[in-house]
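Open the model in your viewer and keep the selection panel at hand. The tour makes two stops.

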Amino acid sequence: MSTTQPKVRTLAPRDTEPVPTDTPPPASRGASADITASTRNGVTAVTRNGVTNEAKVGDTPVTALHGYDDQRPLAPSRGLTARASSFHLRDAIYEKSLLLADRFRVIRTIDVAALCFPERPFKASLTAAQRAVRGMVKRGLLRRYRTDRFQTVYGLTQPGVDWLGEHGHDAASSVRRVSDMTNPEHRLWAQFLVVCSWARGLRAVTEAELLQDLNANAKTGTRNGSSKTVQGYLTVSVHRRGASVRKHLRPDAVAYEAEGKGVVWFEVDRSKRGSERQADLAALVGAIGGKLADSNVLRRVVVMCKTQRIERDAVRVVEQLAAASNEQVLIEGRRHIRRQSDGVFEVIAANPVKRKDGRTALVDEEVGHVIVQMLPTWLPKVRIDASNRWSMDGWFGDNYLPYRRPPSTGRWEVPVSPLVPEEAVVMSD
């Protein structure tokens, strides 16, 4: 009986050479990111901005992007919450907004955006203002109304007055007055220009506040308080029916430039000017460089127009005045007007200057500007969602509010946040 030997299969030695793999082509992702990938010894290394992190094969499994040096920017800044608590910021926003409603009696959301968030882009500013106004309405501090022109406005309620009282401010409710308003559009735009001037660091007041200040100063400067009531900020001579008539002019708003550089006179034109109002505008332009009722110097006249037709009419008045005056010799009391850019005109006057020998000479100097531009009526119509079809141009990041600065004076500087003191911002940097 024979025995069968079991068959033994000889195992072939394992191939110790690495299995060749297809080398993937270099990959890139965007020219701005400068990210490239390459393969070496079967391991992928990633390069960003010219810095290569070679992956090493060791005991630890190596995967793609191992050792990748991420040079992307850090997480976005927390903004003002990095300098103050959210509760402090909320109270600061509420306080400023309610004080604004107490001062002007009626406000809009865009007023809160310009007052509290001028340093932000318009979309972010409007979003923050809407959130703040919703919070104040929900707590009953403000009450919402709709005007006859379908504008949403807000008035200060008694709970809002009580909230301000708890924070050390005296106020009065305005809901009864706001409920009687039908079309406060002219008033709202004048207030908005005042708030925009504040954001630029200028002192500004409305027409009513200006007359109160002028009459208060007049009473304190006389005996027994006996004085005539100040009717206007500027007295001019206008021609009517072949005769010269003295007339008092009042601005819709004024702003006082820093370091005593003069006064900015705002005119809000919502309708086409008739012949009398056109004559008033011509007389106002002719008074640039002269003194006003409070001894300040009128430097700029800003005409804010609601429509393009109104803007063209205002420009035509200035151009006609320039054509009539530039043909005459420039002497003391006359003005020459030169166009600098679209809607911006330079006013030249001959000012007397005394020389060392005692003689007086007339020197041509720039005494101010006339600026005609559109009211940013599109900004209150902007919607944050996808249904928006209105432009967001003309906010504080542009050289537009409260007026377009002429090229000779330079552009506006970017506003700083009024919610945190500037010293805190400087220290944090």
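**Stop 1: the cavity**

In this predicted model, the largest cavity has a volume of about 40 Å³. The structure holds one cavity of 30 Å³ or more.

To find the cavity, select Asp269, Lys272, Arg273, Gln278, Ile310, Asp313, Ala314 and Val317, which line it. Colour the selection by residue class: the lining divides into four charged residues, three nonpolar and one polar.

Which helix gives the largest share of this lining? Select residues 308-326, helix α9, and show them as a cartoon: four of the lining residues come from α9.

**Stop 2: a helix pair**

Next, select residues 109-116 for helix α2 and residues 185-199 for helix α6. The axes of α2 and α6 are 8 Å apart, and the two helices pack at an angle of about 15 degrees. Angles under 35 degrees count as roughly parallel, so α2 is roughly parallel to α6. Turn the view until one helix lies in front of the other; the crossing of α2 and α6 is left-handed.

Now show side chains at the contact. On the α2 side, select Ile110, Asp111, Ala114 and Leu115; they meet Phe192, Val195, Cys196, Trp198 and Ala199 in α6. How do the residues of this contact divide into nonpolar, polar and charged? Eight are nonpolar, one is charged and none is polar.

To end, put both selections on screen: the cavity lining, with its four charged residues, and the contact of α2 with α6, with its one.

Note on methods
Residues are numbered from 1 along each chain as its sequence is written. This is a predicted model: local features need pLDDT of at least 70, side-chain atom pairs count only at pLDDT 80 or more; totals for chains, interfaces and linings use all residues. Side-chain values use heavy atoms; hydrogens and water are left out. Axes are lines fitted to C-alpha atoms, for helices over the stretch in contact, and angles run from 0 to 180 degrees between N-to-C directions. Angles under 35 degrees count as roughly parallel, over 145 as roughly antiparallel, 65 to 115 as roughly perpendicular and the rest as oblique. A crossing is left-handed if the near helix is turned anticlockwise from the far one by less than a right angle, and right-handed if clockwise. Contact means heavy atoms within 4.5 Å. Ala, Val, Leu, Ile, Met, Phe, Trp, Tyr, Cys and Pro count as nonpolar, Asp, Glu, Lys and Arg as charged, and the others, Gly among them, as polar. On a 1 Å grid over the protein atoms alone, a cavity is a set of points where a 1.4 Å probe fits but cannot get out, and a pocket is an open set with protein on both sides within 12 Å along at least five of seven lines; lining residues have an atom within 4 Å of a point. Grid points are joined across faces, edges and corners, and a volume is the space filled by probe spheres set on the points.
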